[in-house]
Amino acid sequence: MKCKKLFAFTLVLALIFALAGCSGGGDRLVWPNTSLGERLPGPPVKTGEITVETSNVLMVDAFDATEKDYQRFVESCEKKGFTIDSKKEDYTFSAYDDDGYFIELRYWKDDQKINITVKASIETDFAEFSWPKSEIASSVPIPKSNIGTVSWESENGFVIYVGETSKEDYDEYVNQCYNAGFTIDYNKGDDYFRGVNEDGYHLNVNYEWNQTMFVRMDTSEALGKEPPEKTTPSSEQPSVPSDTPPAQTDPVETTHPVETEQPSSTAPTDEPSAVTYSTNDYETAKNGNSGVFSYVNRGPSYDIYWIIDFDEGYVYYFTEGNGEETCDRLAIESGDLNDVLIITYHDGGDTWSYGLHFHYKNQPTKLIMQDNDGFEYEYSTTNLTSAIALRDSKTIRDY
């Protein structure tokens, strides 16, 4: 009898230890047998989950990871060749390899979790290309190199990666863009340039990696912004930009039209028109509790969209430019955009919530998303019709 009790006790202990060893909330972590998976060293820990897997992007959460696990994994990634344009801080790391593949790591100390993101090199798609012939594309100089890839183009803008572009070629191109009139609200650094011309065309130029230049243009309408007021043409040519911005004049208010007093004999007859990023007019949009809104965070590789539909009671989240073909749909649980609007993901037995709100109360032009860990991300208004068209091209996934 004592032997049986001892055996049963030993079996219970073994079961407890086995369950403890499986804690952490994830399955055994195995890299996918793909070009992205092969770029990585071995998994940093035994458990985790693959959250996104496309031909262009791989995203992984590694669980039960200590700081030493994270540091060892960073060193392993460096040994695999991720050393170009490396950026390393206490709990973040990013770098490119010789082939242009990009890796980003983030360690969450409290959760003992490593976020791993790998993005495919766009250089594999580089070939000879023709500069777009749209009106917006004709307003900007054509780069020296015609090797690269057109990520997308339309009458409202384009994204082009230009290869075989040295840093000197990039600097020369930035000067050409400035002299072509992209001088409004311009901002310049060693590897980036932002500017707007009098037609309201927004230009972003970045020097990326391995002699690659990123060029993006958008109309003001596509971004949900008012175009700048045009000035009287001058024969004087603008000077080449320097790192020190010129003296600024008083800014022109472009958030919404300035109301002027109507003559007493005539009353306005036109109804307020909707802004480009919402079904509401500006005064109604400020309430943040009705109609439909659209916002975007535009990145060098892909864009992140939020569509907030109070009429249907849903929020839509999707990305564009990274090969993802699905769109998340979540019910609005409570709140509005002047307070905080709450949505919750329900994925199997896991739940997590996000909060959405205007950056400033009664100012709908900027959206803040606060994630489950308390981090905040900013989004700008974007053309609602274009955003809905993108959403409708994707498969809706309910949570």
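**View 1. Buried residues of helix α3.** In α3, the buried residues (under 20% relative accessible area with a 1.4 Å probe, protein chains only; exposed is over 50%, partly exposed in between) are Tyr170, Tyr173, Val174, Cys177 and Tyr178. Seen down the axis of α3, these buried residues fall within an arc of 140 degrees, so they line one face of the helix; the arc is that of the directions from the helix axis to the C-beta atoms. This is a predicted model, in which local features need pLDDT of at least 70, side-chain atom pairs count only at pLDDT 80 or more, and totals for chains, interfaces and linings use all residues. Residues are numbered from 1 along each chain as its sequence is written, and side-chain values use heavy atoms, with hydrogens and water left out.

**View 2. Span and end of α3.** Helix α3 covers residues 167-179, and its 13 residues reach 19 Å from the first C-alpha to the last, close to the 18 Å expected (1.5 Å times one less than the number of residues). Helices (H or I, at least four residues) and strands (E, at least two) are DSSP runs, numbered from the N terminus. Just after α3, Gly181 has a positive phi of about 115 degrees.

**View 3. Strand β10 and its partners.** Six of the six residues of β10 (residues 157-162) are buried. Gly157, Val159 and Tyr161 point one way from the strand, and Phe158, Ile160 and Val162 the other way. Strand β9 (residues 147-154) runs antiparallel to β10, joined by six bridges (strands pair if DSSP finds at least two bridges between them). Trp152 has Val159 of β10 as its bridge partner. β10 also pairs with β14 in the antiparallel sense, over six bridges, and Val162 is partnered by Met213 in β14.
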